[in-house]
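Visitor: I'm new here and I like to ask how labels are earned. Could you show me around and let me quiz you?

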Amino acid sequence: MCMKCKEEKAVLITRVNDAFCRACFMVYVTHKFRAAIGKSKLIRDGEQVLVGYSGGQSSSCLLHLIQEGLSERAHKKLRFQPALLFIDEGAVTDMPHEERRIIHEKIVQLMEGTGYFYHVRSLEQAMELDIIDKKTGESDGEPRVPELHGNESSSPVFYPELEQKLKSLLNSLKTLSAKEEMIRQLRQCLMISVARQHNYSKIMVGECSTQLAVKLLSDIAQGRGAHVSMETTFADRRHGDLITVRPIRDFSSKEVAIYNKLCNVETIFIPTLTTKTQEGSTIEHLTEAFVTGLQTDYLSTVSNIIRTGEKLSTDVSKEQNCALCQAPLDTDVPVSSALNAVEFSMQVSRKKTETTKVKEDSSCCGEGDGSCHSQTDCINRKDIDSELCYGCRLIVNDLDDINELPPYLLKEISWRSRRSKMKSDIQQYLL
Ligand SMILES: [Zn+2]
Ligand SMILES: [Zn+2]
């Protein structure tokens, strides 16, 4: 029997004893979604929101909830204006162009069906990004007006050269975990750049609690402990006035799956880097197996992890942020810290293996009069490290050749290190 209305026969059980009939389940999830958006008071009426859409279970569920919430039949109509963004990551798995074309068409067809404006990007386009996310601080009160010029690329565009660059970056990373992390950062960067380019002030992502619990634990395991609260909270504010929100973070993956089934939501399965790999192939994959395994026997596993995560906070008072993930730098620690000990031992061991590769790290045009414009050549690993958080340092540490890094990142780091060098040069003249 449904525990809510106590009239209808229950068709599903969400948690230990929460048996719902279909109608009551719909009320329950819709309320959860609306409450998350309403409670935050972040999304204004008429605001243009960029919604990340991958065709997968969670983002499809989010998209459907948005459609329902914006429809005339909704009890209290939502009033923001969604636009969709799909990022094609086929290059990562070496997917043949023909296959990518088929997926692309299918996704576009689904996005067209919503009637919303949409953007399509390929992950390799992150390799040509030039703009760097500049925090514009507090909004100046001017409403942002997105520039919409009609939908983009209804047929896929391929970028063989960029694709090659992306592949060689990933090939230069030794471990699958680092590859996965790098992909995540590139994806994030591409999203931010699309949002900045078109003046969106919010990004909505469909991460559910099960995914966030996995992310929280694997982030801790991968040296991102200082940032887990940003990565899992409702509103991620690391990009200043461009806020990422997670409206279905209270949904379990089971609720998402049930919702999609009951509403006939069409989803598309797209293989990722770890789809056909073994359980322990990456830290995230292993954590996922661990969390979902526990969840089967102990139904409150995910919610316990999330609750515990909510007690953590990220120190956002730090002025400097990481050049790659944009989270506040967590590497500003005393000399006697464990971090410095680890860095030291890495430095020592790297010297042994890297003597043959010194030239790529330290070669400069040699003029020495400041005329050197081959910026990427003039920064070395130390420069890069000093602008990265601990978690991102680990990714770069795993990289064979720093020249493979995306140009926007190298540019940003080179700009930052020139600025800090200048700062220290004029230090003695300052009052
Ligand atoms: Zn009921
Ligand atoms: Zn970082």
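Guide: What follows is a short round of questions and answers, and keep in mind that this is a predicted model.

Visitor: Let's begin with a metal. What makes Cys2 (SG), Cys5 (SG), Cys21 (SG) and Cys24 (SG) donors of the zinc ion (ligand 1)?

Guide: Distance does. A donor has to be an N, O or S atom within 2.8 Å of this metal. The four SG atoms sit at 2.2 to 2.3 Å, so they count as donors. Along the chain, these donor residues are spaced C-x2-C-x15-C-x2-C.

Visitor: And why is the arrangement around the zinc ion (ligand 1) called tetrahedral?

Guide: Four donors earn that word if all angles lie between 85 and 135 degrees. Here the donor atoms subtend 101 to 116°, so the arrangement is tetrahedral. For orientation, the ideal angle for four tetrahedral donors is 109.5 degrees.

Visitor: What about the zinc ion (ligand 2): which protein donors does it have?

Guide: Cys322 (SG), Cys325 (SG), Cys389 (SG) and Cys392 (SG), lying 2.3 Å from the ion. Their angles run from 105 to 118°, and since that falls between 85 and 135 degrees, this site is tetrahedral too. The spacing here is C-x2-C-x63-C-x2-C. Cys325 and Cys389 link distant parts of the chain, being 64 residues apart. Cys325 lies in the loop between helix H10 and helix H11, and Cys389 in the loop between helix H14 and helix H15.

Visitor: How do you know whether Cys325 and Cys389 are buried or exposed?

Guide: Buried means under 20% relative accessible area. Cys325 has 2%, so it is buried. Cys389 has 0%, so it is buried as well. Back at the zinc ion (ligand 1), the donors Cys21 and Cys24 are both buried.

Visitor: Cys24 brings us to helix H1. How do you know that the span of helix H1 agrees with its 19 residues?

Guide: At 1.5 Å a residue, residues 22-40 should span 27 Å, and the end C-alpha atoms are 28 Å apart, which agrees. Just after H1, Lys41 takes a positive phi of about 55°.

Visitor: Which residues of H1 are buried, and what covers them?

Guide: Cys24 is one of them, along with Phe25, Met26, Tyr28, Val29, Lys32, Phe33, Ala36 and Ile37. The cover includes strands E1, E2 and E6, plus helices H2 and H8. Looking from the other side, the buried residues of H8 pack against E1, H1 and H2. Those H8 residues are Glu255, Val256, Ile258, Tyr259 and Asn260. After H8 comes Asn264, with a positive phi near 55°.

Visitor: Now the sheet. What order do its six strands take, and which are the edge strands?

Guide: The open sheet runs E5-E4-E3-E6-E8-E7, with mixed pairing. E5 and E7 are the edge strands, as each pairs on one side only. On average, neighbouring strands are turned by 25° against each other, direction ignored.

Visitor: Why do E3 and E4 count as paired?

Guide: Pairing takes at least two bridges. E3 and E4 have five, in the parallel sense, so they pair. Gln48 stands opposite Gln81 in E4. E4 is mostly covered, with seven of its eight residues buried.

Visitor: And what makes E6 and E8 a pair?

Guide: Three bridges join these parallel strands, and at least two are needed, so they pair. Ile203 stands opposite Thr244 in E8.

Definitions and conventions
Residues are numbered from 1 along each chain as its sequence is written. Chains are lettered from A and ligands numbered from 1 in the order in which they are written. This is a predicted model: local features need pLDDT of at least 70, side-chain atom pairs count only at pLDDT 80 or more; totals for chains, interfaces and linings use all residues. Side-chain values use heavy atoms; hydrogens and water are left out. Helices (H or I, at least four residues) and strands (E, at least two) are DSSP runs, numbered from the N terminus. The expected span of a helix is 1.5 Å times one less than its number of residues. Buried means under 20% relative accessible area, exposed over 50%, partly exposed in between (1.4 Å probe, protein chains only). Contact means heavy atoms within 4.5 Å. Axes are lines fitted to C-alpha atoms, for helices over the stretch in contact, and angles run from 0 to 180 degrees between N-to-C directions. Donors are N, O and S atoms within 2.8 Å of the metal (3.2 Å for Na, K and Ca); water is not among the atoms, so sites may look incomplete. Four donors count as tetrahedral if all angles lie between 85 and 135 degrees; four count as square planar and six as octahedral if opposite donors are over 155 degrees apart and all others between 65 and 115; anything else is irregular.
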